[in-house]
Amino acid sequence: IILIIISISISAQVPIDPNFPTFQITVNNNPTAGQLLFSPFYNSSGPSNPPFLAIMNNDGTFKYIKLLAQSAFDFNIQPNGNYTYFDLNTGYFYEMDSSFNLIDSFFAQNGYITDQHELRILLNGNALILGLDHQKIDMSKVVQGGNPYADVTGCILQELDKYKNVLFQWRSWDHYNITDAMPDINLLDSSIDYVHANAIEIDNDGNYLLSCRHMDEITKINHITGDIIWRLGGKNNQFRFINDTIGFSHQHYIRRIANGDITLFDNGNLHIPQFSRAVEYKLDEKNKTATLVWEYKNDPVTFTFAMGSVQRLDNGNTLIGWGANITNNKQISEVTSSGEKVFELEIPYNWSYRAYRYNIQSTISNNNSLAINNFTMLQNFPNPFNPNTTIDYSIPVESNVSLVVYNSIGEKIQDLILGIKPAGNYSVNFKSDKVSSGIYFYSLTANSIDGKQNFHSVKKMIVLK
């Protein structure tokens, strides 16, 4: 069974429904075959649209949509063929199989907060993930006028095995100085994010490439010893840039591509004037040169102050996710090696952290994914859990909805949802901070506004502390 959750043409500006943003394909000139993966969320400058995961065909129809309670980051397909995304509501990365069943979750180990920017699942089942390492630092000893009680955020890079054991851990505190941050990072503030790592790449020799946005730096890290091999960009740059007088600034999405070059999204926050671009560099790691061999700047100029991605496709085209674009509504572009634009998608008042294109051959079955032609409530995930779990449900028509949590003796613990909801797919977060370990039940009741349809379902969940 092929599941088309929402399927509409958007050759003109046509909203999916009153709660969804308007999409517009402005260029569609023989783009690469396949589907687009992205996760739009509203940027507070316009209508408050719900965040969701999306898989879109080139004609503007959707193969899959999943509504979320809060924004999602990095909706992607991993080398094992499964889908992953970071749910800002729970603070976890989730993995779904090809039928969109939730099958696993990922988070930073050893007590660190999970960073939302990157999850890489490797072919051997291991995973690379980033964490946040907060330290109280007397910044008056680092810079004149510094806050003596500053909260300074460092970076953690971990490789986990399939059982979530830490095989490798790297701490920015052991290798970087806080003063490595670029001049626009206020070192006199009470809260300082001096690294802001946002991408991990596995280099051809097995070592790691780490993108550090607030340092304007790509760092190559030995995957066994943790030693720094080289530093590209920023205050500690070891390379000579060729054909590029400005370098990159506040970059995202470092990738080593098939020809051996690297690509990245140059946000350009410190460029004068500010502009964003996709760039490709040929690196000579022995002689320490970085030669700009390709770039794409949008016309008119686009500035993306945060987020963004650059994906080199197999046919040589490049897919650009414009992220937090504050210049115009452009969100996704595909361009040829000569700079010809063959596809462009605009989403007013919305951003997407990254965008990808894949040729998804298999159909999407309705198995355990949510379809808005039926009332559905899925098993919470993860389960057992602590401290957060997610409950997904769908309603096919506008309904009066009640989602309630009870303990094992039938006492009400919490109302999660009470009120009228439009048709759609929903994700609700439940936190266990106010309950003890044990068995709990969640009950969904939905009565359609027209009085013709009623639904009730109860499922069990387990809190383990």
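Here are some numbered notes on the predicted model above, to help you find your way around it.

1. Let's begin with confidence. The chain has a mean pLDDT of 90, and 92% of its residues reach 70 or more. Two stretches deserve a more careful eye. Over residues 1-17 the pLDDT is below 50, and this stretch has 55 contacts in the model beyond near neighbours in sequence. Residues 363-371 also stay under 50, and for them the model has 35 contacts beyond four places in sequence.

2. Next, the charged pairs. How many salt bridges does a search of the whole structure find? There are 25 of them. The points that follow look at a few.

3. Glu 118 and Arg 255 are a good pair to start with: their side chains meet in a salt bridge, at 3.3 Å from N to O. Glu 118 belongs to strand S11 (residues 113-121) and Arg 255 to strand S21 (residues 252-256), so this bridge ties together parts that are 137 residues apart in sequence. Are the two partners buried or exposed? Both Glu 118 and Arg 255 are buried.

4. Now turn to Lys 220, which forms a salt bridge with Glu 285; the closest N and O atoms are 3.0 Å apart. This pair links distant parts of the chain, with Lys 220 in strand S18 (residues 217-221) and Glu 285 in the loop between strand S23 (277-284) and strand S24 (289-297), 65 residues apart. Lys 220 has a relative accessible area of 2%, so this residue counts as buried. Glu 285, at 27% relative accessibility, is partly exposed.

5. Asp 261 and Lys 282 make another salt bridge through their side chains, at 3.0 Å from N to O. Asp 261 sits in the loop between S21 and strand S22 (262-266), while Lys 282 is in strand S23, so the pair ties together parts 21 residues apart in sequence. Asp 261 is buried, with a relative accessible area of 3%, whereas Lys 282 is partly exposed at 41%.

6. Some of these bridges share partners. Which residues are joined into one network in this way? They are Asp 203, Asp 205, Lys 220, Arg 256 and Glu 285.

7. On to the open spaces. The largest pocket has a volume of about 880 Å³. It is lined by 30 residues, and the closest to its centre are Arg 120, Tyr 253, Gln 311, Arg 312 and Tyr 358. If you would like to trace the lining, at least two residues come from each of strand S7 (72-77), S11, strand S16 (197-202), S21, strand S25 (309-312) and strand S30 (355-358). By class, the lining of the largest pocket has 14 nonpolar, 9 polar and 7 charged residues.

8. The second largest pocket holds about 310 Å³ of space. Its lining has 22 residues, of which Ile 113, Thr 114, Asp 115, Gln 116 and Leu 132 are the closest to the centre. S11, strand S12 (127-137) and strand S13 (150-160) are the elements that give two or more residues to this lining. Which element gives the most? That is S11, with 5 residues. The lining of the second largest pocket divides into 11 nonpolar, 9 polar and 2 charged residues.

9. One last pointer: S11 is worth following by eye. This strand holds Glu 118, supplies at least two residues of the lining of the largest pocket, and gives the most to the lining of the second largest pocket.

Key: Residues numbered from 1 in each chain as written. Predicted model: local features only at pLDDT ≥ 70, side-chain atom pairs only at ≥ 80, totals over all residues. Heavy atoms only, no water. Salt bridge = Lys/Arg side-chain N within 4 Å of Asp/Glu carboxyl O. Helix = DSSP H or I, 4+ residues; strand = E, 2+ residues; numbered from the N terminus. Buried < 20%, exposed > 50% of the residue type's maximum accessible area, 1.4 Å probe, protein only. 1 Å grid on protein atoms, 1.4 Å probe; cavity = no way out; pocket = protein on both sides within 12 Å on 5 of 7 lines; lining within 4 Å. Points joined across faces, edges and corners; volume = space filled by probe spheres on them. Nonpolar A, V, L, I, M, F, W, Y, C, P; charged D, E, K, R; others polar. pLDDT = per-residue confidence, 0-100. Contact = heavy atoms within 4.5 Å.
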